[in-house]
Amino acid sequence: MPTLIVFILLLASSVSASDSKVSQDARSPTESYFMWLWHSRLYLYSAAALVFGLWFLLKKKSVSKDASKEKNDKADKAPKKNDRETKEVHVSGVKIFYGSQTGTAKGFANELSEEVKALGLPAEVIDMKDYDPDDQLADECISKSVCVFLVATYTDGQPTENAEWFCKWLEEASTDFRYGKTYLKGLRYAVFGLGNSVYVGHYNTVCKNVDKWLWMLSGRRIMTRGEGDCNVVKSLNGSIQADFLAWKVKFLNRLKTLAKGEKKSCSGKCKTEGSCKNKRKERQEEEKKTSPQNNSSEDDLVESSSDEDESGLPDEKKTVLDVEDLGNIMNSVKKAKSKEESQRDGQMVKLSKLNGVQKIEDEGERREMITPALREALTKQGYKLIGSHSGVKLCRWTKSMLRGRGGCYKHTFYGIESHRCMETTPSLACANKCVFCWRHHTNPVGTEWRWKMDPAEKILEDALEKHQNMIRQFRGVPGVKPDRYEEGLAVKHCALSLVGEPIMYPEINNFIRLLHHHQISSFLVTNAQFPQEIRSLVPVTQLYVSVDASTQDSLKKIDRPLFKDFWPRFLDSLKALGEKKQRTVYRLTLVKSWNVEEMQAYSELIALGQPDFIEVKGVTYCGESSASSLTMANVPWHQEVVTFVQQLADMLPEYEIACEHEHSNCLLIAHTKFKVDGEWWTWIDYERFQELVQAYDESGGQQTFSALDYVAKTPSWALFGAQEQGFDPAETRFQRRNKSKDISGC
């Protein structure tokens, strides 16, 4: 390009020079100048074009350089995408609030905290009693934290003691105009409740209320409420621990989604129609609707329930529902649910011929009473579990008498040989949750038998085998008497008082007959909540009813029964006991500051059932437990028990104090019919009883007998006021230093 321009300029210059020479002499200077310009016009145009071209090239380079610099500056100033994502926090942490009475909710809270921390998120466990919602809860709305509430339902559907104030504040705030309906707007929360469905009408009411009150204050529920059930029969996953595990998995998945940041749904008006996920999703759904083999059921469209969260569903199931279609779908779901329940309830039609307990015909549909968690807990406590609902345990008095160190109060009162006594139960389940339960409520609860059932023959066979195996462990142990060891292998007595409610077992009558067939006496304890079962019970050696309180309010506070009509059942059970002809006993457990002042009421209950004997025992402190507020201050001294018994006996015209066992803090009040010629006959002639019960069975119940038909004379050392205070002089008393806790025994 430059070479061509130079060539043109030279050519123009030569032409111009030749023309100027020809006409230089003929023109004036002015004319000559203009003529030169005219003849040099090509040169001038070329020079101007050259200058303009150079200027244009330089200008273009300068603009391009400035634009590149400006672009680089903008790129440096703008944050990178990855930097923005790491800096923006969607979940700052998780705060786990718990309301617990027995410690289960607290354990769940700690467990969830560890799982959250494993995800890389901060987690804090908070006791509701240590948290002031009035000052602090509103701050959670802007802190980007997620609040989890693990709350248990306690007596009468009320919150636990540590959650009372929190729930009261929440309830009042939800209806107080001064807070407003948007007071907790921005709060993200999840709720899991701990309840027991046997408490009809109060099942998980606290968690339902907490969920409702938070929602009324505009809190945002991040997932549906979870409800754990302590009733293993109706628990969706078999136990409350399994219920919590299922809910926890869904919560952690939901938390992961929140931590990544939830994307706003597309309006459908974006320009990139081909890449819009929502539009692609809509096309896929339309294809499924038109394809007959891919039609989904109506159940997939329904909002998730408390046990099924939408965050765990596949994308194709999270479809949008028209409001006008919702009614039809809900009706169909309700019909299907009611049909399923009616089919399940239809199985509960066959009654046991033994004691009227309902039985499910299809055994395969029932669950086992002992869940893996319960099995682990009971095994740690020393239980030898039998089948799916029974257990046996070695009593500490059995160990004591093997060494010749004395027997239990039943030895003093009734002549039981403690080293030959087997403590067992065919039903670990109970209908009460007593505050002084020495098993700390590790056993299941229920109001009716809805579990799988093992045959009575198998239970007794395994119980005897496991009991004998425990006795064999004492072979050669220093202090164990050889003759006692040999006698201990041959069980002679059975205390059906280990734990739970033995009378709930549908085949309890068959089990008792088998005991008598093996020449084993029977001592059965019931909690006075099954009057019909008491009436249908076959003769036992001695039948006990626990009378832990004498008024409706105190019984509810101490026994914490599951039945709503617990008081009528209690009174009817005492009446049923009075109809029995064999030996009957009221067992009174004195809890200081709870029931020792109810003297007159106790005397009225005794008149109602007319028992043969009344055992009055001071409550045994079984160690600290979150399941009970009982302390050593509630344990009466032996002299206090004596004073109570003396006052009670004075109010009963046909009863007197007969025996005492100071070591067990226990006294026996006996009906005066067992006092013959000034001597007490409270002991039992066990061989005579076996003869009488055999004749009863062979006659089909026609040949009856009474408590006075198998009595034996009470030794002097067992009587109240004796110097031995109920300790057998044939035994060697052992005083243990630094006595450790031992909560076993009957």
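**Burial, bridges and packing**

Reader: Why is Glu-731 called buried?

Author: In this predicted model, Glu-731 has a relative accessible area of 7%. Buried means under 20%, so Glu-731 qualifies.

Reader: What makes Arg-484 and Glu-731 a salt bridge?

Author: Their closest N and O atoms are 2.6 Å apart, and the cut-off is within 4 Å, so the pair counts as a salt bridge. Arg-484 sits in helix α16 (residues 482–488) and Glu-731 in the segment after β22 (711–712), so the bridge ties together parts 247 residues apart in sequence. Arg-484 is buried too, at 12% relative accessible area.

Reader: How do you know that Arg-420 and Glu-417 form a salt bridge, and how is each one classed for burial?

Author: Happily, the same cut-off helps: 3.8 Å between the closest N and O atoms is within 4 Å. Arg-420, at 18%, falls under 20% and is therefore buried. Glu-417, at 22%, lies between 20% and 50%, so the term is partly exposed.

Reader: Why is Phe-56 called partly exposed?

Author: Phe-56, in helix α3 (residues 41–77), has a relative accessible area of 46%. Exposed would need over 50% and buried under 20%, so Phe-56 is partly exposed. Phe-56 joins Phe-52, Trp-55 and Leu-57 in a nonpolar surface patch, with about 480 Å² of accessible area together.

Reader: What makes α5 roughly parallel to α9?

Author: Helix α5 (residues 104–118) and helix α9 (residues 240–260) pack at about 30°, with axes 11 Å apart. Angles under 35 degrees count as roughly parallel, so that description fits the pair. Their crossing is right-handed.

Terms used: Residues numbered from 1 in each chain as written. Predicted model: local features only at pLDDT ≥ 70, side-chain atom pairs only at ≥ 80, totals over all residues. Heavy atoms only, no water. Patch = residues over 30% accessible without salt bridge, like charges linked within 9 Å, V, L, I, M, F, W, Y side chains within 5 Å. Areas by Shrake-Rupley, 256 points an atom, 1.4 Å probe, with all protein chains shown as cover. Salt bridge = Lys/Arg side-chain N within 4 Å of Asp/Glu carboxyl O. Helix = DSSP H or I, 4+ residues; strand = E, 2+ residues; numbered from the N terminus. Buried < 20%, exposed > 50% of the residue type's maximum accessible area, 1.4 Å probe, protein only. Axes fitted to C-alpha atoms, helices over the stretch in contact; angles between N-to-C directions. Parallel < 35°, antiparallel > 145°, perpendicular 65-115°, else oblique. Left-handed = near helix turned anticlockwise from the far one by under 90°.
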